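Colleague: I'd like to learn how to read this one properly. Can you walk me through it, feature by feature?

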Amino acid sequence: MSESLSTDVLIVGGGVAGLWLNARLRRLGFATLLVDKGALGGGQSVKSQGIIHGGTKYALHGALTGASEAIADMPRRWREALDGQGELDLTGVRLLSDAHYLWSPGTLAGNLTSFFASKAVRSRVGQVKGDALPPALQHAQFKGKVYRLSELVLDVPSLIVRLAELAGDSLLAGERIEPLHEGGELVGLRVDGRAIRAQRIVFSAGGGTAELLAAVGLQQPAMQRRPLHMVMLKAPTLKPLYAHCLGGGSKPRITVTSHPAADGEWVWYLGGDLAEAAGVARNETAQVAAAQQELAELVPWIDLSTARWATLRIDRAEPAQSSLARPDNAFLAEQGRLLVGWPTKLALSPDFSDRVEAALARDGIRPGNHPPLPALPRPPVSGPFWEGLL
Ligand code: FAD
């Protein structure tokens with residue numbers, strides 16, 4: 001079969017970045033096609049913790065930088081979209097928590113001094129006590145201090161379902177991707193034999209982007225993978241908690257998010273320092289033991305005797321940075337018709353989309369006329385990954 005299709009923007013990779021961009025461009029009147037070789041959202045997106053950061057955590061390093069001021073706008077943009085009033089209509093997406101918390105066990109840790117030295121932080125953070133504490137921390141034995149950040153936590157599987165709805169007929173399941181050249185220029189892609197011409201091509205394939213670049217004969221932009229070893233636990237005694245628990249350093253000791261299981265129980269998903277280098281080096285048994293020890297110290301009043309435990313190894317995919325530093329805004333590189341990037345955070349998908357839209361506007365790319373699309377094979381949508389593991 002050698003079907004020929006044309007579109008304005010051909011997107012490869014249907015995680016949150018590609019899906020958000022696709023929905024935005026369709027709303028602006030562009031014809032789009034989004035190709036995914038797996039399940040939509042099934043890369044990093046559904047395995048993320050779903051926190052829509054506002055950058056407050058970065059202030060733990062001393063001060064908010066220019067870039068982290070840019071991220072400060074993300075909770076507002078997502079909130080408007082969730083209310084159906086924003087750049088996308090995300091009504092129906094489940095909001096798990098309208099706040100994320102910063103939790104300092106015991107006495108006020110030294111790092112909080114510099115944190116609260118920033119005026120920008122003081123205006124966005126408020127201490128909570130008593131009934132206002134997250135349910136899991138409301139206990140007589142709880143000794144720490146808790147601050148409420150105006151950040152959101154989303155149920156990412158429901159976000160992916162909604163973004164797939166907004167994609168309409170623009171989705172294509174496709175595995176074998178080859179470049180389509182004319183006159184020495186990349187003018188589109190051949191996807192499982194279908195020739196697809198486009199004014200612009202966007203690679204937003206997360207960890208699959210290096211392989212895609214190689215398929216079209218490119219090596220840049222270089223990407224890095226940051227391995228994580230996350231921990232999950234499920235128990236009838238768990239109540240929801242969305243918090244960074246502070247240790248001595250600038251990174252959270254653990255970051256806890258809570259996700260609803262189909263049987264009504266909560267699943268706690270643990271990241272932060274626990275999941276980074278030392279955690280990556282541990283095998284599954286040792287990693288579960290490390291998590292058990294952390295929770296025994298931090299929330300000893302929660303009975304975890306019947307909890308079921310699992311771990312998940314997953315790499316974050318980002319543009320290459322010196323010393324594996326974490327980029328704190330979306331990244332986009334351009335080579336002719338090809339745009340390549342990573343949002344670097346789910347929260348920054350709107351920023352990723354802004355960058356692509358700005359490149360289209362700068363180059364005078366406008367919606368063109370294209371024949372209607374034939375019926376195409378659709379990629380499946382990824383569900384809650386924890387259901388299969390616990
Ligand atoms: P992905 O979600 O990885 O999607 C890439 C897609 O491309 C996949 O669907 C894949 O099937 C497809 N693909 C790959 N290769 C090909 C190919 N060759 N052809 C066609 N399709 C291809 N960010 C936050 O903002 N808040 C958080 O709380 C948060 N927590 C996180 C926790 C963890 C454990 C991890 C790993 C990440 C977390 N992140 C968080 C980061 C966030 O998940 C990612 O930045 C974001 O999901 C990346 O989205 P993406 O669309 O670029 O990539």
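**Around the ligand**

Modeller: Let's start with the ligand: 41 residues surround it, and the closest are Gly15, Gly43, Ser48, Gly206 and Gly208. A residue counts as near if its C-beta atom, placed from the backbone, lies within 6 Å of the molecule. The elements giving two or more residues to that shell are helix H1 (16–27), strand S2 (32–36), helix H7 (209–215), strand S13 (223–235) and strand S17 (308–319). Helices (H or I, at least four residues) and strands (E, at least two) are DSSP runs, numbered from the N terminus.

Colleague: Before we go on, what kind of model is this?

Modeller: A predicted one: local features need pLDDT of at least 70, side-chain atom pairs count only at pLDDT 80 or more, and totals for chains, interfaces and linings use all residues. Residues are numbered from 1 along each chain as its sequence is written. pLDDT is the predictor's confidence in each residue, from 0 to 100. Where it is low, the predicted coordinates should not be read in detail. Here the protein chain averages 91, and 90% of the residues score at least 70. The model's ipTM is 0.99 and its pTM 0.95.

Colleague: Back to the shell, then. Which element gives the most to it?

Modeller: H1, with three residues. By class, the shell around the ligand has 16 nonpolar, 19 polar and six charged residues. Ala, Val, Leu, Ile, Met, Phe, Trp, Tyr, Cys and Pro are the nonpolar ones, Asp, Glu, Lys and Arg the charged ones, and the others, Gly among them, are polar.

Colleague: Where does the ligand lie relative to the domains?

Modeller: Between domain 1 (4–45 + 159–222 + 323–388) and domain 2 (95–153 + 225–317), because both give residues to its shell. Domain bounds come from an automatic or database domain assignment. The two centres, taken over C-alpha atoms, are 33 Å apart.

Colleague: How many residues are in contact across the two domains?

Modeller: Contact means C-beta atoms, placed from the backbone, within 7 Å. Nine residues of domain 1 are in contact with eleven of domain 2. The domain 1 side has four nonpolar, four polar and one charged residues.

Colleague: How do I read backbone oddities?

Modeller: Most residues other than glycine have a negative phi, and most peptide bonds are trans. In this chain, glutamine 220 and proline 221 are joined by a cis peptide bond, with omega about 0°. Proline 221 sits in the loop between H7 and S13. Aspartate 192, in the loop between strand S11 (185–191) and strand S12 (194–203), has a positive phi of about 45°. Threonine 344, in the loop between strand S19 (338–342) and H10, has a phi near 70°.

Colleague: Are those two buried or exposed?

Modeller: Count the other C-beta atoms within 10 Å, placing them from the backbone: 20 or more is buried, 12 or fewer exposed, in between partly exposed. Aspartate 192 has 16, so it is partly exposed. Threonine 344 has 23, so it is buried.

Colleague: And how do I check a helix?

Modeller: Its expected span is 1.5 Å times one less than its number of residues. For H10 (residues 349–362), 14 residues should span 20 Å, and the end C-alpha atoms are 20 Å apart, which agrees. Glycine 364 follows H10, with a positive phi near 65°. The buried residues of H10 include Phe352, Val356 and Leu360.
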